[in-house]
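Student: I'd like a close look at one part of this structure. Pick a polar side-chain contact and work outward from there. Keep it step by step, please.

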Amino acid sequence: MAKLAKILDRLLGWILALLAAVMVFSMFLQVVGRVIIQHGYPWTEEMSILCMYAVVFLGAIGETARRGHISITVLESMLTNRPGIRRALNIIQDLATLAFALYTSYWGLESLKIVQYQGSPNMEIPMHYVYGVMPLSFICISVILLVRLGLTVAGKENKGWRAS
């Protein structure tokens, strides 16, 4: 399982790097077009926005996998000598995050029904592909949290999949 997690983490890293490169290139092209050619490209800003949207939600998957999200760790720090209570706290945190991820996945999938016939203004990309990134990301986050909860309940040390 750790090997699969490492492969998926690397794949996600490459996808995020590619999206960031496309975002930077399209903004660079827009600046060059406006300054040198005196004509902007209508699709570059939209491309950058769509890439940023994907980077945010896909990046959340990786951060969840390695416990990289911002958190208040004062209770965890106080409970270093009480591993049972600390484990219970981790379970409560993961359950709360899982509830949010499942709720967001459900409503994200429901919203796709509304936007399925819309296209983006300049590039005419079907918007259900664009907005599909959000529920897909939260479904992946839910799977990660379920695996983490299983490991935590089983009593296995779980610092995150990327931890070495």
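Tutor: Start with Arg-148. Its side chain makes a polar contact with the side chain of Asp-94, at 3.2 Å. Keep in mind that this is a predicted model. Every distance here is computed from that model.

Where does Arg-148 sit? It is in helix H6. Is Arg-148 buried or exposed? Its relative accessibility is 5%. The cut-off for buried is under 20%, so Arg-148 counts as buried.

Now look at Asp-94 again. The side chain of Arg-67 makes a polar contact with the side chain of Asp-94 too, at 3.4 Å. So follow Arg-67 for a moment. Arg-67 lies in the loop between H2 and helix H3, which covers 74–78. Its relative accessible area is 28%. Buried ends at 20% and exposed begins over 50%, so Arg-67 is partly exposed. Its backbone deserves a look as well. Arg-67 is not a glycine, yet it has a positive phi of about 55 degrees. For scale, take Gly-108. Arg-67 and Gly-108 are 41 residues apart in sequence, and their C-alpha atoms are 23 Å apart in space.

Does another loop residue show a positive phi? Glu-124 does: about 55 degrees, and Glu-124 is not a glycine either. Find it in the loop between H4 and helix H5 (127–131). With a relative accessible area of 65%, Glu-124 is exposed.

Back to Arg-148. Which residues does Thr-64 touch? Set aside residues up to four places away in sequence. Then Thr-64 touches His-69, Ile-141, Ile-144, Leu-145 and Arg-148. Thr-64 and Arg-148 are 84 residues apart along the chain, but their C-alpha atoms are separated by 10.0 Å. Thr-64 belongs to helix H2. It is buried, with a relative accessible area of 6%. Its side chain reaches the backbone oxygen of Ala-60 at 2.8 Å.

Those contacts lead to a pair of helices. H2 spans residues 44–65 and H6 spans residues 133–153. They pack at an angle of about 0 degrees, with their axes 9 Å apart. Angles under 35 degrees count as roughly parallel, so H2 is roughly parallel to H6.

Who makes this contact? From H2 come Tyr-53, Ala-54, Phe-57, Leu-58, Ala-60, Ile-61, Thr-64 and Ala-65. From H6 come Val-133, Met-134, Ser-137, Phe-138, Cys-140, Ile-141, Ile-144, Leu-145 and Arg-148. Sort these residues by type. There are 14 nonpolar, 2 polar and 1 charged.

Pick Phe-138 from the H6 list. Its relative accessibility is 12%, so Phe-138 counts as buried. It also takes part in a ring pair. The whole structure holds 7 aromatic pairs. How is such a pair described? By the distance of the ring centres and the angle of the planes. Try it on Phe-100 and Phe-138. Their ring centres are 5.7 Å apart and their planes lie at 80 degrees. Over 60 degrees counts as edge-to-face, so this pair is edge-to-face. The pair links distant parts of the chain, 38 residues apart. Phe-100 is in helix H4 (residues 83–115), while Phe-138 is in helix H6. Ring pairs go further and link Tyr-53, Phe-57, Phe-100, Tyr-131 and Phe-138 into a cluster.

Next, Leu-58 from the H2 list. It has a partner in helix H1 (residues 2–37), where Leu-12 lies. Leaving out residues up to four places away in sequence, Leu-12 touches Leu-58, Ile-61 and Gly-62. The C-alpha atoms of Leu-12 and Leu-58 are separated by 7.5 Å, though the two are 46 residues apart along the chain. Leu-12 counts as buried, at 13% relative accessibility.

Last stop: Thr-44, also in helix H2. Beyond its neighbours within four places in sequence, it is in contact with Ser-26, Leu-29 and Gln-30. At 0% relative accessibility, Thr-44 counts as buried.

Notes. Residues numbered from 1 in each chain as written. Predicted model: local features only at pLDDT ≥ 70, side-chain atom pairs only at ≥ 80, totals over all residues. Heavy atoms only, no water. Axes fitted to C-alpha atoms, helices over the stretch in contact; angles between N-to-C directions. Helix = DSSP H or I, 4+ residues; strand = E, 2+ residues; numbered from the N terminus. Parallel < 35°, antiparallel > 145°, perpendicular 65-115°, else oblique. Contact = heavy atoms within 4.5 Å. Nonpolar A, V, L, I, M, F, W, Y, C, P; charged D, E, K, R; others polar. Phe/Tyr/Trp six-rings, centres within 6.5 Å; stacked < 30°, edge-to-face > 60°. Buried < 20%, exposed > 50% of the residue type's maximum accessible area, 1.4 Å probe, protein only. Polar contact = N/O pair within 3.5 Å; in protein donor to acceptor, adjacent residues only side chain to side chain.
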